[in-house]
Amino acid sequence: KENNIHIEFCPTSNLILTDLDIITDHPVRHAIEHDINFSINTDDPGPFCCDLNNEFQLIQKAFGLNDIDFTKIKKNSLESSFVLRKLKR
């Protein structure tokens, strides 16, 4: 958090490939509680049968996020992208 390092979470992939049993145990909870810079993404959407809408819905249902929360998540994504960093130079 001190260095504002951006973390990308891929909830469906994380559930399938890790020892998480339920989504409410996902470390995104910690990121939300501690205001850590993160985004929600997909990882191999074909094999995992997911898309960004599914990932957002999964996180919204599990953690009760609202439109303001998702606006912040999207802003984090854009501000942390290499494209915007390159444009700011």
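This report describes the fold of a predicted model, with emphasis on helix α4 and the residues around it.

**Overall architecture**

The protein chain contains 6 helices and 2 strands. Read from the N terminus, these elements follow the order β-α-α-β-α-α-α-α. The C-alpha trace spans about 40 × 30 × 25 Å along its principal axes. A compact globule of 89 residues would have a radius of gyration near 12 Å, and the 13 Å of the protein chain agrees with that. Of the 89 residues in the protein chain, 31% are buried. Among contacts with a separation of 6 or more, 64% join residues 24 or more positions apart.

**Helix α4**

Helix α4 covers residues 52-63, which makes 12 residues. From its first C-alpha to its last the helix reaches 16 Å, close to the 16 Å expected at 1.5 Å a residue. Its buried residues are Glu55, Phe56, Ile59, Ala62 and Phe63. Viewed down the axis of α4, these buried residues fall within an arc of 140°, so they line one face of the helix. Asn53 and Lys61, on the other side of α4, are exposed.

Several elements take part in covering the buried residues of α4. They include helix α1 (11-17) and helix α2 (28-33), together with strand β2 (38-40) and helix α5 (67-80).

Both ends of α4 can be described in local terms. At the N-terminal end, Asp51 acts as a cap, with a side-chain oxygen 3.0 Å from the backbone nitrogen of Asn53. After the helix comes Gly64, which has a positive phi near 65°.

**The nonpolar core**

In soluble globular proteins, nonpolar side chains tend to be buried together. In this model, the largest nonpolar core has 14 residues, and the members that touch the most other members are Val28, Phe38, Ile40 and Ile59. At least two residues of this core come from each of α2, β2, α4 and α5. The greatest contribution is that of α4, with 4 residues.

Which residues does Ile40 touch, beyond those up to four places away in sequence? Its partners are Phe9, Pro11, Val28, Leu52, Glu55, Phe56, Ile59 and Ile73. Ile40 itself is found in strand β2, and it is buried, with a relative accessible area of 3%. Among its partners, Glu55, Phe56 and Ile59 are also listed as buried residues of α4. The C-alpha atoms of Ile40 and Glu55 are 6.9 Å apart in space, while the two residues are 15 residues apart in sequence.

Thr12, found in helix α1, offers a second view of the surroundings of α4. Thr12 is buried, with a relative accessible area of 16%; the cut-off for this class is under 20%. When residues up to four places away in sequence are not counted, Thr12 touches Phe48, Cys50, Glu55 and Leu58. Glu55 is therefore a contact partner of both Thr12 and Ile40, given that contact means heavy atoms within 4.5 Å.

**Accessibility of selected residues**

The table sets out four residues by location and relative accessible area.

| Residue | Location | Relative accessible area | Class |
|---|---|---|---|
| Ile40 | strand β2 | 3% | buried |
| Thr12 | helix α1 | 16% | buried |
| Ile5 | segment before β1 | 55% | exposed |
| Cys49 | loop between α3 and α4 | 70% | exposed |

**Backbone features and the N-terminal segment**

Where does Cys49 lie? Cys49 is found in the loop between α3 (45-48) and α4. Although Cys49 is not a glycine, its phi is positive, at about 50°. Cys49 is exposed, with a relative accessible area of 70%.

Asn4 is likewise not a glycine, and it has a positive phi of about 55°. This residue lies in the segment before β1 (7-9). Ile5 also has its place in the segment before β1, where it is exposed, with a relative accessible area of 55%. Ile5 and Asp51 are 46 residues apart in sequence, and their C-alpha atoms are 24 Å apart in space. Asp51 is the residue that caps the N-terminal end of α4.

Methods
Residues are numbered from 1 along each chain as its sequence is written. This is a predicted model: local features need pLDDT of at least 70, side-chain atom pairs count only at pLDDT 80 or more; totals for chains, interfaces and linings use all residues. Side-chain values use heavy atoms; hydrogens and water are left out. The expected span of a helix is 1.5 Å times one less than its number of residues. Buried means under 20% relative accessible area, exposed over 50%, partly exposed in between (1.4 Å probe, protein chains only). The arc is that of the directions from the helix axis to the C-beta atoms. A polar contact is a pair of N or O atoms within 3.5 Å; within protein, one must be able to donate a hydrogen and the other to accept it, and residues adjacent in sequence count only if both atoms are side-chain atoms. A nonpolar core is a set of buried Ala, Val, Leu, Ile, Met, Phe, Trp, Tyr and Cys residues joined through side-chain atoms within 4.5 Å. The radius of gyration is taken over C-alpha atoms; the globule rule is 2.2 Å times the number of residues to the power 0.38.
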